[in-house]
Structures are given as C-alpha cells and as structure tokens.
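The following exercises are to be worked with the sequence and the model at hand. Each task is followed by a solution set out in steps.

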Amino acid sequence: MQPANALNRLDRLPISRFHKLTLLAVSFAYFFEFADINSFATTAPKLVDVWGVTVDQVAYVTSLSFVGMFIGSLVGGVIADRWGRKRALLQTTLFFALFSFASVFSWDLVSLGVFRVLTSAGLSAMTVVAVVYVNEMYPAAVRGKYQAYAIVIGICGTPVTNLIASLVVPHNDWSWRLVYLWGSLGILLVLFTRHLKESPRWYESRGDHAAADAVLREIEAQVAVERGPLPEPAPPVDEVPSTRAPLKLLLQKKYLYPTLLLTVLWVTQTIGFFGYSSWAPTLLAKEGFSVEKSVFYVALTTVGAPLGSYLASLVTDRFERKWSLTAFGVVIAVCGLLYGLTFSPALIVVFGFLVNFFERGYTALAYAYSPELFDTPGRSLGTSVSYGLGRLSNAAGPLIVAALYNGHGYQSVFFFIAGTWTVGALVLAVFGPRTRRARLAAAAPVKDALPR
C-alpha cells in the first residue's frame, strides 16, 4: 500500500476544533502533572513538624522521586512506541493519578516516599508521551505555539496547587493530605478519550498505512466540515517502517548528537529548576519564615509560571528556538541568584516570580525543541532517554543542595543553581542545532497550495 503521507497531510490542515479539543485534553493532563509535581515540596515543611522530617530526609525522598522520573521517562517512550501515543497518554496519566491518591493514605515517610517515587514515574512518562504527541499531531508551522499553549494552561496547575496548599497545609496535622487528593484528579482525563485520535505518523512509522489513512480521513473530514475544502498536501516522502526502536538506535550519528545535547539541556533544566522549586518552601522555613509564610510566598511566585509559558507561545515559532532557550536560561540564572541573596519578602516574591516566569517559558520552548531534533522512528526514544537522564541527574541534585545548605549556608544553594543554568545556556548557544529553517520549509508547500 502507498504511504499515507501523514506528515504532509497533517501539516496542510488549518487549525480547527479538532486541534483545540486535542489541546484541551493535553492541557488537562499537563495541569495535573504540574499540580502534582511539587506536592511533596509544598507539604514537606508541615512534615518537618508532624513527623519530625529532617532536611536530609527531604533530600532522599526528592532524589528517589527523580530516579522514578528517569524510569518513567524510559517506560513512557517504550509504551508510546509499542502501544501508540494516545493509549500511552491515557495510561501514564491514570498511573500517576492512582499513586497520588495512594499518597493520601501514607502512614510514614517511607510509605509516602514509595508512593511519590511511583507518582513521579507516571508524571515523567506522561510528559514524554505528551511532548511527542503534540509534535506529531500539529502542523510544523505552529506546533511550537500549541505546545506552549498546552503548557500555558497546564502550568496553572502549579500556582493553583500551591495556593491550595497554602490554605490547607497549615490548617491541622492531617490536612496536608488533601494536596495529594487534589493531584489525583488527573484521572478525569478519561473524559477526553473519545476526542483524541491516535497519531497517524505513529501508524505510518510502523508501516500500518491503512490505519494511518483511516485516522487521517476522519481528521480531514472534521476539519473540512468546519473550514471548507482543504489544499492538496505535498508529495509523500517514504519512511522505513520501524516497529520498535532499540536503544542502540541512539548510537547512530544522526541520533547520538541530539541525544547528548538534549541530555545536557534537561540535566541543567532539571537540577536548575527543581533545585529551586523543590527546596524553596523548606529552606525559607529553615531560615526563620513560618510554614504559612514560606508556602504562601512560594505560591505567589508561581503565578508567573503560566505567563512565562504564554511568552514562549509568542516567540517559539517566530525566532530560532535555540537562541530563545539561551536567552531565557541566562535570565533565570541571574534572577535565581538574586532570589537567594535577599531576605526581603517583597524581593523574594519578585525574583521568585521572575524565575518561574522565565523557567516555565524555557520548559515550553524545550518541549517544542526536543522532539524536532529527531525523525519519527527515533523521536519517542530520543526524547525519552534525554529527558529521563535529565530527571535522573536530579537524584544527586537534592543531596548536593542539602550538603551545600548544611555546609555553606542558604546562599550557596543559589550560586550552585545559577551556575547550572549558565552552563546549560552556554552549551545550547555553542552546540544547539537550528530548527527554524526546517519548520519554514515544511510550511512552505502548504502556503503555496492555499487559494489566493
């Protein structure tokens, strides 16, 4: 059977209700991922009082959670390749929601730690699948913008959760459990099941052109009813079918370079951001701020997160992504350092706001940049391995932060974080491939086919 020409048929579609419903579903999954990812950080100050948890114990639980994220990233990539992007998105979201719910009933730090590791594995797996899914379902000319839109909506889960935590965590000795109950509501993604389509590009990469064509015809029919006759797609480009992507695939030159580069990107982003976000409430409490104030200040700073993702949506398809990432990384380093050098509540909120603002913009840009460095056979595997190694690196990050804090004080933590962001920005600036020309080339045949 002839190739279904999935790439070009999807690229020439105008944005329609189909794309918006897909965006809503992915955004919903992101919302509860971001809602859940810092749950332990927001409840840790209370656990210090209730269970007598130490800074070192917080570090161990946080470190193990990132080991879980590494495993989850690899598993997410595998099941996305084997079972499909849509099915993997649903399964990984249900997985993290289930173990977030289990966290509600934890009876000591060990049980909570186990549940958090499993939750983190599901969160990371879902992220990998969602990034690949958006990359494959949206036209090349706007996929970065819609990846950022999904995060604009999804990232609201962070300030909403932190504000909820600031209200419920200090209330009594058990109310911190409600934060994990809130995070488990990601299970409601099942309500979007019938609106999601499997990726035709995934079908085609496996050589199942009939299934790819069937899904494409459904999508095209929906779009045509809403937007009128569709332009003709560009001629198909043959792809070698790939039913599985073995790890050794990444040793090929065209995959090894982007995998190494993206590993540096995700290592520096993970250590740089989670070194800040996972520790800010606990460190503020240790420096003399009350639990109520420390959680509340951090909640205020995270209001900048969705605004930063929106900024990314404005620049991601307009400029070269590597340079946007570099600029954002430098600004985060400066703002994060200034955050650590002040003890004024107003400046803590201002610089914390800016860290969240530019970091979430950075993440939105990175989610768009990472998968486009690979072709379809290597996309899920390359994205999952580099993202997973980034998460695994932060198994050491919390231990480094705890050692710096205990040995050299509060401010040394933020010099370390600023240095991490600076390294990432320099590596991207020097070695990061440019992708804008390829996106514009992919969009050109569509523009030429549109009626004038």
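**Exercise 1: The surroundings of T22**

T22 lies in helix α2, which spans residues 17-37. The model is a predicted one.

Task: Determine whether T22 is buried or exposed, and state which residues T22 contacts beyond its neighbours within four places in sequence.

Solution.
- Step 1. The relative accessibility of T22 is 1%. The cut-off for a buried residue is under 20%, so T22 counts as buried.
- Step 2. Once the neighbours within four places in sequence are set aside, the contacts of T22 are Y133, Y138 and L196.
- Step 3. L196 is 174 residues from T22 along the chain, yet the C-alpha atoms of T22 and L196 are separated by 6.1 Å.

**Exercise 2: The overall fold**

Task: State how many helices and strands the protein has, and what share of its residues is buried.

Solution.
- Step 1. The secondary structure consists of 21 helices, with zero strands.
- Step 2. Of the 452 residues in the protein, 61% are buried.
- Step 3. Consider the contacts between residues at least 6 apart in sequence: 87% of these join residues at least 24 apart.

**Exercise 3: Helix α17 and its partner α15**

Task: Describe how the axes of α15 and α17 are arranged, and identify which residues meet.

Solution.
- Step 1. Helix α15 covers residues 304-315 and helix α17 covers residues 345-369; their axes come within 7 Å and cross at roughly 40°.
- Step 2. Angles under 35 degrees count as roughly parallel, and 65 to 115 as roughly perpendicular. The two helices α15 and α17 are therefore oblique to each other.
- Step 3. The handedness of the crossing of α15 and α17 is right-handed.
- Step 4. On the α15 side the contact is made by G304, A305, L307, G308, S309, L311, A312 and V315, which meet F353, N356, F357, F358, R360, G361, A364 and L365 of α17. By class, the residues of this contact are ten nonpolar, five polar and one charged.

**Exercise 4: Helix α17 and its partner α7**

Task: Establish at what angle α7 and α17 pack, and which classes of residue form their contact.

Solution.
- Step 1. Helix α7, residues 143-154, packs with α17 at an angle of about 135°, the axes being 9 Å apart.
- Step 2. The cut-off for roughly antiparallel is over 145 degrees; α7 and α17 are therefore oblique to each other.
- Step 3. The crossing of α7 with α17 is right-handed.
- Step 4. From α7, the residues G144, Q147, A148 and I151 meet T363, A364, Y367 and A368 of α17. Five nonpolar and three polar residues form the contact of α7 with α17, with no charged residues.
- Step 5. A364 of α17 appears in the contact with α15 and also in the contact with α7.

**Exercise 5: L261 in helix α12**

Task: State whether L261 is buried or exposed, and list which residues it contacts outside its neighbours within four places in sequence.

Solution.
- Step 1. L261 belongs to helix α12, residues 253-277.
- Step 2. L261 has a relative accessible area of 6% and is therefore buried.
- Step 3. Apart from neighbours within four places in sequence, L261 contacts Y369, L373, V427, F431, G432 and P433.
- Step 4. The C-alpha atoms of L261 and S386 are 8.3 Å apart, with these positions 125 residues apart along the chain.

**Exercise 6: Cysteines**

Task: Find how many disulfides the structure holds, and classify C156 and C335 by accessibility.

Solution.
- Step 1. A disulfide is a covalent bond between the sulfur atoms of two cysteines.
- Step 2. The structure holds zero disulfides.
- Step 3. C156 has 27% relative accessibility and so counts as partly exposed, whereas C335, at 8%, counts as buried.

Methods
Residues numbered from 1 in each chain as written. Predicted model: local features only at pLDDT ≥ 70, side-chain atom pairs only at ≥ 80, totals over all residues. Heavy atoms only, no water. Axes fitted to C-alpha atoms, helices over the stretch in contact; angles between N-to-C directions. Helix = DSSP H or I, 4+ residues; strand = E, 2+ residues; numbered from the N terminus. Left-handed = near helix turned anticlockwise from the far one by under 90°. Contact = heavy atoms within 4.5 Å. Nonpolar A, V, L, I, M, F, W, Y, C, P; charged D, E, K, R; others polar. Disulfide = S-S within 2.5 Å. Buried < 20%, exposed > 50% of the residue type's maximum accessible area, 1.4 Å probe, protein only.
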